[in-house]
Amino acid sequence: MDDIINKMTLAEKVILLDAADFWHTKAINRLGIDKITVSDGPHGLRKEKIENDKTITVKATCFPAAATNACSWDIDLIGRMGAAIAQEAAKEDVDIILGPAINIKRSPLCGRNFEYFSEDPYLAGKLASAYIKGVQNQGVGTSLKHFAANNQESYRAITSSEIDERTLHEIYLRPFEIAVKEAAPWTVMCSYNKINGIYASENKYLLTDVLRNFWGFNGAVISDWGAVSNRVKGITAGLDIEFPTSNGFNSNKIMQALISGQITPYEIDVCIRNILNLFYKVKNTQKTTYYNEEENHQLSREIAQNSIVLLKNEDKILPIDKNQKLLIIGALAKYPRFQGGGSSKINPNRIVSIINGLDNCKANYEYLDGYDINSDIIDFHMINAAVQAAKIHKNVLVFIGLTDAFESEAYDRTHMKMPESHYALIEELLKVNPNIIVAIVGGSPIELDVILKAKAIIYQYLTGQAGDAVLDIIWGNVNPSGKLAETIPFKLEHNPSYNNFTTDNNSVHYKETLFVGYRYYDTFEQSVAFAFGHGLSYTDFSLNLIDLKYNEASQKINVKLKLTNIGSRAGAEVIQLYVGKNDSAVIRPKKELKAFKKVFLKAGKSQEVEAEIDVKSLSYYNTVEKKWTLEGGNYEIYIGNSSQNIIIQKEINIKGDYSILPKYIPPKKPVLNDEEFSLLLNRPLIPKSKKHIRPFNLDSTINAMSITLIGKIVKKKIKKQYKQHLNNQMPDNERFVQSIFELPLRMLSMLSDGVLTMPKMLAIIDIANKKFFRGIWRYLHSNKIKRNLL
Ligand code: BGC
């Protein structure tokens, strides 16, 4: 390594800090340093390729999205999915998969929740570790993203996530900590947003102090696509590679900073070592390139079968005998929504809809649309047809949910509802047939309202390309075993982030602190539609405690349980172990998930199940000593099959220390007010909204600049260009276009793939700032500016 570093010129080093293009790092042929190829993730391979001058996405297996596969609570299954994705990636010469994505689901509204695992850091961290190990064991690297606190899409590239230090560590950083320590991802991708006022891409506290020094990460840090605001600060902070390329713009800035002494060659070398380490890892790891398309399709189906959640099953109306006739209502059965929009959108090598599935089995069924898939306007004609049919059918299955326009990367939902036409359909159907079975499609919870009255409710999320998996649940070929990885509240207003999940452009205040998801609902005894961890089966289980011991030497709580399948069908149960400390000296949620185990049992069989809780994981983040502190004393252990269905409860005494407590302990209440939150942060709050006025700079948005004539012209042009170059990844809707106008100008330039270069953008900014002559001069010379240092 030293040898190669010594051979490198400073210019070569600077070059390596910038990617070559969207999907490759730079190569230095003279030194035998090859490019590294990266591709999205996370729930399948999304590799772009140029074919006949057009960008296409290669075909790949579309596995169930993270929101779905998380409900499997199945470490082995997620590992197998990782391995399959890696093999497909390797076959396409991809070295690193951009995933898993593990941001916490703070609000059901985040447009990208479908790509994330859970509201719980432990579950998200464990599943991410399984995914990373699965991929990396096949010789392909991962990029754990988006580090950190990127919990909303609105203004994601400029807003600041305002979070107190303890909450940051215990909730938002915790899944990353688990995954980094357990699975050592080859790379970590920093997020777009600021954290407490500092961009993730230049946040030394996160990228170096926490990630490397505290957690021992030894891979490379890459930026999210266009997340770099100040590249020079990024180097000092620990950002190794910028994606996609800035076309020399930032390389020149780095050179200038080196000349002026703002940064040192040593700091550059720190990044270069990380990049070279990554290069050697890629080079020296043997990849498995063999895979079987059919097997991967079946794996996708198996994951869906094990993830689909049965929320309600009154009178055991499900499963339905396969020979009985079904009335299928709902266009989502015919035009399946099986994945989300944006950078994770896979080009599936096949798509099996529910209707295809029925046809493939020659099932006896009748189908009616019920609503227009492309509109949320109630179509009474369609509803009436469905109602007439539902009157005379016994088995009525209705598919409803969120259509593409409702959720996507780049923008958030503004409410928690489905299209009105879907509610109206259910409401009318329930009037004529009380035995309705509803299957809900979507990447996030919806307000269930009238749906709660249905006899059975299946939450199938986004099941990937094998959309017929839900039929196996309906017919009972597979016994459901999916458990919610997030809470479904009755109403959006019940969510603790409700007043602070923001579409403001400057900052978002995480005033609910630690009380995210079930941590809030359970602590403050709020009833919810369906609790975290909930999911029914067609069989019943009994759970008994055999032994629960605290082993001081190994720092483990060892739990021995007996699980019995007391029903008449084989099935799997997820045993969930939560821990709380009622008399804690610090504020804590009532209970937090600390271990889980999925166990499959044949009918009538019993099994002894051993689970282990790592005592260290009971620690709280001590903001005075800047470390995890294990508080001594009594802890409550709750064991059950959802956060609210606790079957066994035990108290245990743990030895620990009683360190210095933080000066300010916030009052135990669901959501802090401004004053309390400011005291907790120990600084004044950054205002939620800011009017971005002249002078504009590269961090300004088109929206802000559109008060000027040139801003208006650019906005119009971008909209036109977007429509013209619309590809498979991006949704064709106004919300998405609007989200582009929320991006900083630097990011727009980078994502324009050379059309709107940084010098051109600077010229436009000059004109908007009324520096007309410099702007015009810059514009005319923008093509002549040396793009590359080599
Ligand atoms: C997304 C990342 C993704 C990258 C490359 C970004 O906009 O936030 O998750 O990996 O694009 O497509």
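This report describes the ligand site, selected backbone features, the cysteines and one strand pair of a predicted model.

The model is predicted, so that local features need pLDDT of at least 70 and side-chain atom pairs count only at pLDDT 80 or more, while totals for chains, interfaces and linings use all residues. Residues are numbered from 1 along each chain as its sequence is written, and side-chain values use heavy atoms, with hydrogens and water left out.

**Ligand site**

The ligand is surrounded by 14 residues, of which Asp40, Arg112, His146, Tyr192 and Asp224 come nearest; a residue is near a molecule if one of its heavy atoms lies within 4 Å of it. By class, this shell has 5 nonpolar, 2 polar and 7 charged residues, where Ala, Val, Leu, Ile, Met, Phe, Trp, Tyr, Cys and Pro count as nonpolar, Asp, Glu, Lys and Arg as charged, and the others, Gly among them, as polar. The table lists distances between polar side-chain atoms and oxygen atoms of the ligand; a polar contact is a pair of N or O atoms within 3.5 Å, and within protein one atom must be able to donate a hydrogen and the other to accept it, with residues adjacent in sequence counting only if both atoms are side-chain atoms.

| Residue | Distance to a ligand oxygen atom |
|---|---|
| Asp40 | 2.5 Å |
| Lys145 | 2.9 Å |
| Tyr192 | 2.8 Å |

The protein covers 93% of the 310 Å² of accessible area that the ligand has on its own, with areas from the Shrake-Rupley method and a 1.4 Å probe; for residues, only the protein chains shown count as cover.

**Backbone features**

Lys145 also takes part in a cis peptide bond with His146, with omega about -5°, and His146 lies in strand 6 (residues 141-147); strands (E, at least two residues) and helices (H or I, at least four) are DSSP runs numbered from the N terminus. A cis peptide bond also leads from Leu318 to Pro319, with omega near -5°, and Pro319 is placed in the loop between strand 12 (309-313) and strand 13 (326-329). The loop between strand 12 and strand 13 also holds Asp315, whose phi is positive at about 55° although Asp315 is not a glycine. Asp53, in the loop between strand 2 (48-51) and strand 3 (54-57), has a positive phi near 65°. Most residues other than glycine have a negative phi, and most peptide bonds are trans. Asp315 is exposed at a relative accessible area of 60%, and Asp53 is exposed at 77%; buried means under 20% relative accessible area, exposed over 50%, and partly exposed in between (1.4 Å probe, protein chains only).

**Buried charged residues**

Glu162, found in strand 7 (residues 160-162), counts as buried at 0% relative accessibility, and its side chain makes a polar contact of 2.6 Å with the side chain of Ser160. Arg166, in helix 6 (residues 165-172), counts as buried at 11% relative accessibility. Arg166 and Leu681 are 515 residues apart in sequence and 9.9 Å apart in space, C-alpha to C-alpha.

**Cysteines and a strand pair**

The structure holds 0 disulfides, a disulfide being a pair of cysteine sulfur atoms within 2.5 Å. Cys62 is not bonded to Cys71 because the sulfur of Cys71, the closest cysteine sulfur, is 16 Å away, too far for a bond. Cys271 is in no disulfide either, and the nearest cysteine sulfur, that of Cys190, is 12 Å away. Cys62 is buried, with a relative accessible area of 0%, and Cys271 is buried at 1%.

Strand 27 (residues 633-640) and strand 28 (residues 646-654) run antiparallel and are joined by 8 bridges, where two strands pair if DSSP finds at least two bridges between them. Ile637 has Lys650 in strand 28 as its bridge partner, and a hairpin of 5 residues joins strand 27 to strand 28.
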